Amino acid sequence: MSQHEYDMVIIGSGPAGEGAAMNAAKHGKRVAMVEAYDGVGGACTHKGTIPSKALRHSVKQIIEFNTNPMFRDVGEPRWFSFPRVLKHAEQVIAKQVKLRTEFYSRNRVDVFFGEAKFLDNNRIEIQDQARGDKILASNHFVIATGSSPYRPNDVDFKHARIYDSDTILNLSHTPRNLIIYGAGVIGCEYASIFAGLGVKVDLVTSHNELLSFLDDEIVDALSYHLRDNGVMLRLNEEYENISADERFAYLELKSGKHLKADAILWCNGRTGNTQNLGLENVNLTADGRGRIEVNNQYQTGVENIYAAGDVIGWPSLASAAYDQGCSSSNAILDNGESYFVSDVANGIYTIPEISSIGATEQELTANKIPYEVGRALFKNTARAQIAGETVGMLKLLFHVETDALLGIHCFGDRAAEIIHIGQAVMKQEGEANTIRYFVNTTFNYPTMAEAYRVAALDGLNRLV
């Protein structure tokens, strides 16, 4: 079996692995990337972020066509099947794989396809039946294997009517009704997607509200719009049994309720991809959900092995994972540029989408921090009226004494883009980080960015 020597070996080519590999390569290191899929990009490209967001974009276009009176001159409302919409997502995946393959080629990073397993602290074996097994040796490793849907043993995921967020991308028909169990980010996003295709959706969660880490007002708005689009929210419900036959899928709840649908989509948690990684051979142990513990340099309990991305848990965002990967390789390079990723803006691609950064109202209240609120409703902004995207708002939370920005919460079209204007201001120090920046700055008109000025004026007018 052939053995290859490298300065650094990264396991997993998702955002975290890519960030680590590109950073190390640009610092002149000989780098190897190991990927279990047949193409680079990891689950982010093949199963998660890219396909689900491409699906959402197509569904949003369908909704706009079917609801905008201007298009009625073109023809009657149209119905699109899930497989047909999925074809657009597949095209985007292919483009992303091609783009990222070029990254590795251009930066002289060797890519190996197959399953990686640690033999000891300095060697991994790549198990590849098609191309032959190989051994890679290195003084430094970065585990960036990502995560997969959590699958409890009492649910038969082999049944044709029971799906998780990976296998749903193989759905070959459009169900008339769908049960989604789990109302986290992924569950809420897919509820929006299927509801937009006219599917009757039951969204079931064991919690008493959706996405409790968000600001309460945003959660209320999301709940309202999901219901308005025909989604049945079933809160405080736990599953007793999930089963299926040739015609239907069934969900029995501990409350005694029995639900029936064409299919069930399980979206209740994820687990780190560490099961077959050979961690026992390097004296590493993952927790019950397959996650690896790291320090603030992304170093594991083994000195020369680091980990980044979804495999370490929070915040499980592609954007943060890339930065974590870069930071982990910087720690290995010992160049003084490593830092622990925090204060991440989240982007939730429901319809309408959500993005936020900083504290929520409930957190500020609990911590007895005096704050005030400034709002800009999209329905009152010219750009939103022109675009026909009048649902949503921008909400700014700021300190009543210092005017410092404490939290930014956005609900509506392009929220994940809009948030970064406020994020840039929040990252400034001293007087630069205040709500008055938006009052003293001229914004293009008409733009969605103008909502910051409107919200700032609204907030300052509330001060006594």
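A crossing of two helices is called right-handed if the near helix is turned clockwise from the far one by less than a right angle, and left-handed if anticlockwise. The model looked at here is a predicted one, so local features need pLDDT of at least 70 and side-chain atom pairs count only at pLDDT 80 or more, while totals for chains, interfaces and linings use all residues. Residues are numbered from 1 along each chain as its sequence is written, and side-chain values use heavy atoms, with hydrogens and water left out.

First, the overall picture. The protein has 12 helices and 24 strands; these are DSSP runs, numbered from the N terminus, with helices being H or I over at least four residues and strands E over at least two. Its C-alpha atoms fill a box of roughly 70 × 60 × 45 Å along the principal axes. The radius of gyration is 24 Å, which agrees with the value near 23 Å for a compact globule of 464 residues; it is taken over C-alpha atoms, and the globule rule is 2.2 Å times the number of residues to the power 0.38.

Now for the helix pairs. Two packed helices are described by the angle between their axes and the distance between the axes. Axes here are lines fitted to C-alpha atoms, for helices over the stretch in contact, with angles running from 0 to 180 degrees between N-to-C directions. Helix α1 (residues 15-26) packs against helix α7 (residues 318-333) at about 40°, the axes being 7 Å apart, and this crossing is right-handed. Among the residues that meet (contact means heavy atoms within 4.5 Å) are Gly 19, Ala 20 and Asn 23 in α1, and Ala 321, Gly 325 and Ser 329 in α7. By class, this contact has 10 nonpolar, 6 polar and 1 charged residues, where Ala, Val, Leu, Ile, Met, Phe, Trp, Tyr, Cys and Pro count as nonpolar, Asp, Glu, Lys and Arg as charged, and the others, Gly among them, as polar.

Just ahead of α7, the loop between β19 (305-307) and α7 holds Pro 315, which is joined to Trp 314 by a cis peptide bond with omega about 0°. Another cis bond runs from Tyr 445 to Pro 446, with omega near 0°; Pro 446 sits in the loop between α11 (436-439) and α12 (450-460).

The other pair is α3 (residues 49-67) and α5 (residues 185-196), whose axes come within 9 Å and cross at roughly 35°. This crossing is left-handed. Its contact includes Arg 56, Val 59 and Ile 63 of α3, with Glu 189 and Tyr 190 of α5.

Ile 63 turns up again in the second largest pocket, where it is one of the residues nearest the centre, in a lining of 21 residues. Elements giving two or more residues to that lining are α3, α5 and α6 (216-228). Leu 211, in the loop between β12 (200-204) and α6, has a positive phi near 40°.

Conventions: 1 Å grid on protein atoms, 1.4 Å probe; cavity = no way out; pocket = protein on both sides within 12 Å on 5 of 7 lines; lining within 4 Å.
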